[in-house]
Amino acid sequence: MKVHHRVNLAVPRIASGPGSLSSLGTLLESLGKSSSSEVIFLADSYMIRNKAKHGLETFFAESSILIEVPANEPTTTYLDSLRSEVLGRVKDVSNCLVVGVGGGVTLDSAKALSVLMTNDLPAMEYQGWDIPTRRAIPKIGIPTISGTGAESSRTAVLTNPVSGLKLGINSDFSMFDALVLDANLTATVPLHLYFYNGLDAYMHSFEILTGSYRNPLSDSLAEAALSLCEQVFQSPEPQSIGNRTKLMSASYLAGQALTSSYVGAVHPVSAAIGVLYAIPHGVANIIALNMLRTVYPNQYAFVGSVLKQNRIPMPSIDNFSEEVDFGRVVELASRHSLPLENALGEAWSQTLTEDFFHGNIREN
Ligand code: NAD
Ligand code: ZN
């Protein structure tokens with residue numbers, strides 16, 4: 001095991017438990033909201049259509065700006081245009097707050113917007129580590145589907161549509177200042193999405209725990225998240241309120257673990273096929289795990305068995321592309337060298353080859 005030292009950041013204020021959405025007003029005030037403040041809500045389209053059912057009507061009605069975030073994974077060009085729109089509409093940038101309500105797409109868009117409102121370069125210039133120099137607008141995250149850990153992680157993942165690079169704005173300024181973790185909001189998630197997205201937390205956990213760059217703090221968080229995921233996904237009632245609360249906690253804990261640790265080989269491959277074939281993150285992870293099943297045989301078996309137990313199809317790359325360009329998959333995945341080294345060792349490029357993937361696909 002390689003010892004490494006990194007600063008573990010954490011979101012300072014968290015309202016949690018079923019019904020905790022009622023704390024949103026208090027949280028906004030604790031972040032400095034006054035009667036003259038402008039609150040910018042970024043919301044998932046499902047949440048906008050179903051705002052009454054989820055108790056969001058009043059919050060949306062009282063917001064200064066309500067933006068419906070498109071379903072696709074956020075791009076640097078989308079964030080540039082979102083920033084222009086918002087800066088053109090607000091009166092005083094220094095008296096704004098941002099709230100993101102939705103899945104990873106909406107949460108990451110809210111995180112990136114808050115950074116870009118005070119940092120002037122195009123979004124693509126901030127993809128990387130610790131590039132923004134100015135403090136972001138205060139922001140609150142409210143996940144409505146569990147899995148990505150975007151609520152607690154330090155990154156806001158964006159794709160550059162020109163270069164194909166999927167890489168986050170990794171900055172202390174991109175972390176949320178407060179969270180609402182209210183599992184009442186996930187009651188309406190369809191079963192297959194509950195698994196496809198929720199398994200992202202399982203992937204984050206085992207990728208951390210099978211890596212070589214480790215520290216006891218992120219290991220402990222990842223172990224707790226892994227255990228919660230196993231309980232939820234093996235339960236006969238995976239979507240009970242108790243299990244939804246556990247999965248929301250697992251998502252948070254695994255994202256928190258990632259602030260001082262690294263993912264493994266699933267995420268680089270998932271990012272590559274996600275960009276190349278427009279596959280959503282959770283589904284791309286499962287396909288990537290299939291492509292890497294000789295590296296992670298037990299985890300692949302676990303995912304296969306819990307999907308089968310719930311009669312959810314195992315996603316296949318064939319549903320997204322007739323012919324996979326493994327050369328491009330290797331090329332794009334290889335840009336994430338640190339997680340690959342974490343999982344496969346320093347000689348990772350000798351393992352992650354076109355032939356490796358061809359071999360795994362033939363075994364299908
Ligand atoms: P998503 O945000 O697109 O949400 C998935 C779907 O669920 C959407 O169609 C949405 O409308 C629907 N949905 C959300 N809440 C719902 C509810 N309560 N009821 C019914 N439907 C609901 O997808 P996601 O998987 O949550 O996020 C994926 C994104 O997160 C990707 O862009 C990925 O790159 C990013 N990501 C970020 C991090 C991070 O640390 N920042 C980590 C992993 C992934
Ligand atoms: Zn992920």
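Here is a short conversation about the zinc site, the ligand 1 pocket and one strand of this model.

Visitor: Before we start, what kind of model is this?

Guide: Residues are numbered from 1 along each chain as its sequence is written, while chains are lettered from A and ligands numbered from 1 in the order in which they are written. Side-chain values use heavy atoms, leaving out hydrogens and water, and local features need pLDDT of at least 70, side-chain atom pairs count only at pLDDT 80 or more, and totals for chains, interfaces and linings use all residues, since this is a predicted model.

Visitor: Which residues are the protein donors of the zinc ion (ligand 2)?

Guide: Donors are N, O and S atoms within 2.8 Å of the metal (3.2 Å for Na, K and Ca); water is not among the atoms, so sites may look incomplete. Here the donor atoms lie 2.1 to 2.7 Å from the zinc ion, and their residues are Asp 200, His 204, His 267 and His 281.

Visitor: How many residues apart in sequence are the parts that Asp 200 and His 267 tie together?

Guide: The donor residues are spaced D-x3-H-x62-H-x13-H. Asp 200 lies in helix α6 (residues 191-209) and His 267 in helix α9 (residues 266-277), helices being DSSP runs of H or I with at least four residues and strands runs of E with at least two, numbered from the N terminus. The pair therefore ties together parts whose separation in sequence is 67 residues.

Visitor: Is Asp 200 buried or exposed?

Guide: Buried means under 20% relative accessible area, exposed over 50%, and partly exposed in between (1.4 Å probe, protein chains only). The relative accessible area of Asp 200 is 1%, so Asp 200 is buried.

Visitor: Which side chain has an N or O atom 2.8 Å from a nitrogen atom of ligand 1?

Guide: Polar contacts are pairs of N or O atoms within 3.5 Å; within protein, one must be able to donate a hydrogen and the other to accept it, and residues adjacent in sequence count only if both atoms are side-chain atoms. Oxygen atoms of ligand 1 have such partners in Asp 44, at 2.8 Å, and Lys 166, at 3.3 Å. For the nitrogen atom, the side chain is that of Thr 188.

Visitor: How many residues of strand β5 (residues 96-102) are buried?

Guide: Cys 96, Val 98, Gly 100 and Gly 102 point one way, Leu 97, Val 99 and Val 101 the other, and all are buried. Strand β5 is therefore largely enclosed by the rest of the structure, the buried count being 7 of the 7.
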